[in-house]
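Hi everyone, thanks for coming. Let me put the structure up on the screen, and then we can walk through it together.

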Amino acid sequence: MGDGVRPQPRRGLVIGAGAAVGGAWALGMLCALAETEEATAFEVVVGTSAGSVLAALLGSGVPPRAMAEMLSGTAGPAIDAGAVGPVVVPDRVHRVLTDIPWPVPIPGNLRLAVRTLGQPGRHTVRAAVAALAPRGRGSLAPVGELIDEVCGPGGWPARPRTWVVAMDFDSGGRVVFGAAGQPVTSLPEAVMASCSVPGIFPPRQIGSRRYVDGGAVSVTNADVLAEEDLDEVLVLAPMATAGPDLRKSAAGRLDRRLRHHLNQRLAWEVARLTAAGMTVRVLAPTTEDLAVMGADWMDFRRRRSVLETAVRTGATRLGQAGTAPIDGVA
């Protein structure tokens with residue numbers, strides 16, 4: 001450029017799935033990001049499951065610290081209450097993951113399970129697991145009401161563009177609500193679809209199709225950005241891992257094996273983005289984060305301690321000069 005001003009890089013943000021605990025971790029990362037760089041300077045934000053809630057709020061202009069106050073129920077020492085106005089969220093939103101009725105002990109979609117197991121190259125193992133999961137009976141209505149109340153009736157955010165990932169429960173295919181050429185629905189409906197964890201919540205009916213948690217395809221879905229004209233992509237991956245996992249309990253060891261498997265899928269997605277010429281950085285829970293997160297991703301009681309720990313560990317990593325562009329992905 002003639003005036004010597006370098007254009008700002010075009011950036012994308014991916015916020016992965018992680019249920020109650022992973023969502024709190026990702027929110028802590030967003031708070032840390034807001035302290036070190038502009039947390040809203042993204043061309044597009046992609047959210048899956050719990051990450052879709054954060055993506056919708058961020059895309060609608062809600063600052064990360066306001067989200068923290070909103071979703072944790074209190075500001076606390078790590079979240080400065082004076083920095084944002086108070087946001088009142090009905091307690092029923094906090095009970096979405098604590099007052100869940102027992103599911104109906106019948107596979108949610110036996111036909112899809114047979115199809116996915118018979119065509120392993122076309123579908124992930126998680127898709128088969130989602131289809132075999134019992135029929136959930138929980139309600140995500142409070143989450144949809146929250147998105148509607150906070151984000152307003154203005155439709156989908158234009159900047160950053162906001163994409164919400166779900167899985168078509170009839171075909172097993174991935175759907176990216178908000179992206180061009182994808183099924184059209186409201187932002188609250190898309191978020192509820194993306195959060196419809198099989199076995200806990202029923203599929204979300206939108207039009208003539210049913211949708212479930214996008215984590216049934218991938219817990220990050222970063223590769224949906226492969227065709228975008230972006231320079232950089234930051235991936236927040238609550239269900240991956242960065243650094244040693246020192247937990248010794250049986251549940252901790254099982255969680256460690258699952259996270260290692262998810263790291264492999266994430267590495268493939270990162271490779272697709274780098275092959276497209278993008279610089280990619282992945283942030284995943286550290287050893288310190290994992291110790292606080294535990295092995296039960298649905299343990300909503302841990303959200304405060306997980307959030308505060310992530311703010312601290314995130315600030316440390318984001319503030320490090322010369323940190324490797326891919327953090328925690330082998």
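I'll go through salt bridges, then a buried residue, then a helix and two surface patches.

Before we start, keep in mind that this is a predicted model. Let's begin with the charges. A search of the whole structure turns up 18 salt bridges, and I'd like to show you three of them.

Take Glu43 and Arg10 to begin with: their closest N and O atoms are 3.7 Å apart. Glu43 sits in the loop between helix H1 and strand S2, while Arg10 belongs to the segment before strand S1, so this pair ties together parts that are 33 residues apart in sequence. Glu43 is buried, at 15% relative accessibility, whereas Arg10 is partly exposed at 31%.

Next up is Arg204 with Glu189, where the closest N and O atoms are 2.9 Å apart. This one links strand S7, which holds Arg204, to helix H8, which holds Glu189, with the two positions 15 residues apart in the chain. Both partners are partly exposed: Arg204 at 27% and Glu189 at 22%.

My third example is Arg272 and Asp223, at 3.8 Å between the closest N and O atoms. Here helix H9 is linked to the loop between strands S8 and S9, 49 residues apart. Arg272 is partly exposed at 33%, but Asp223 is buried at 5%. And there is a network to look at here: salt bridges with shared partners join Arg174, Asp223, Glu227, Arg265, Glu269 and Arg272.

Now, is Met278 buried or exposed? It is buried, because its relative accessibility is 4%, under the 20% cut-off. Met278 lies in the loop between helix H9 and strand S10. Beyond its sequence neighbours, Met278 is in contact with several residues, among them Leu225, Leu230, Val233 and Leu273. The C-alpha atoms of Met278 and Val233 are 6.9 Å apart, although 45 residues separate them along the chain.

Over to helix H7, where the buried residues include Val143, Leu146 and Ile147. Just after H7, Gly152 has a positive phi of about 80°.

Finally, the surface. Lys248, Arg253, Arg256 and Arg257 make up a patch of positive charge; Arg253 is in helix H9 and is partly exposed at 37%. There is also a nonpolar patch of Leu110, Val114, Leu117 and Leu132, with about 400 Å² of accessible area together. Helix H5 gives the largest share of that patch, three residues. Val114, in H5, is exposed at 57%.

Thanks, and I'm happy to rotate the view for anyone.

Conventions
Residues are numbered from 1 along each chain as its sequence is written. This is a predicted model: local features need pLDDT of at least 70, side-chain atom pairs count only at pLDDT 80 or more; totals for chains, interfaces and linings use all residues. Side-chain values use heavy atoms; hydrogens and water are left out. Helices (H or I, at least four residues) and strands (E, at least two) are DSSP runs, numbered from the N terminus. Buried means under 20% relative accessible area, exposed over 50%, partly exposed in between (1.4 Å probe, protein chains only). Contact means heavy atoms within 4.5 Å. Patches are made of residues with over 30% relative accessible area and no salt bridge: like charges are joined within 9 Å, nonpolar side chains (Val, Leu, Ile, Met, Phe, Trp, Tyr) within 5 Å. Accessible areas come from the Shrake-Rupley method with a 1.4 Å probe; for residues, only the protein chains shown count as cover. A salt bridge is a side-chain nitrogen of Lys or Arg within 4 Å of a carboxyl oxygen of Asp or Glu. Lys and Arg count as positive and Asp and Glu as negative; His and the chain ends are not counted. The place of a charge is taken as NZ of Lys, CZ of Arg, CG of Asp or CD of Glu. Lists of a residue's contacts leave out its neighbours within four places in sequence.
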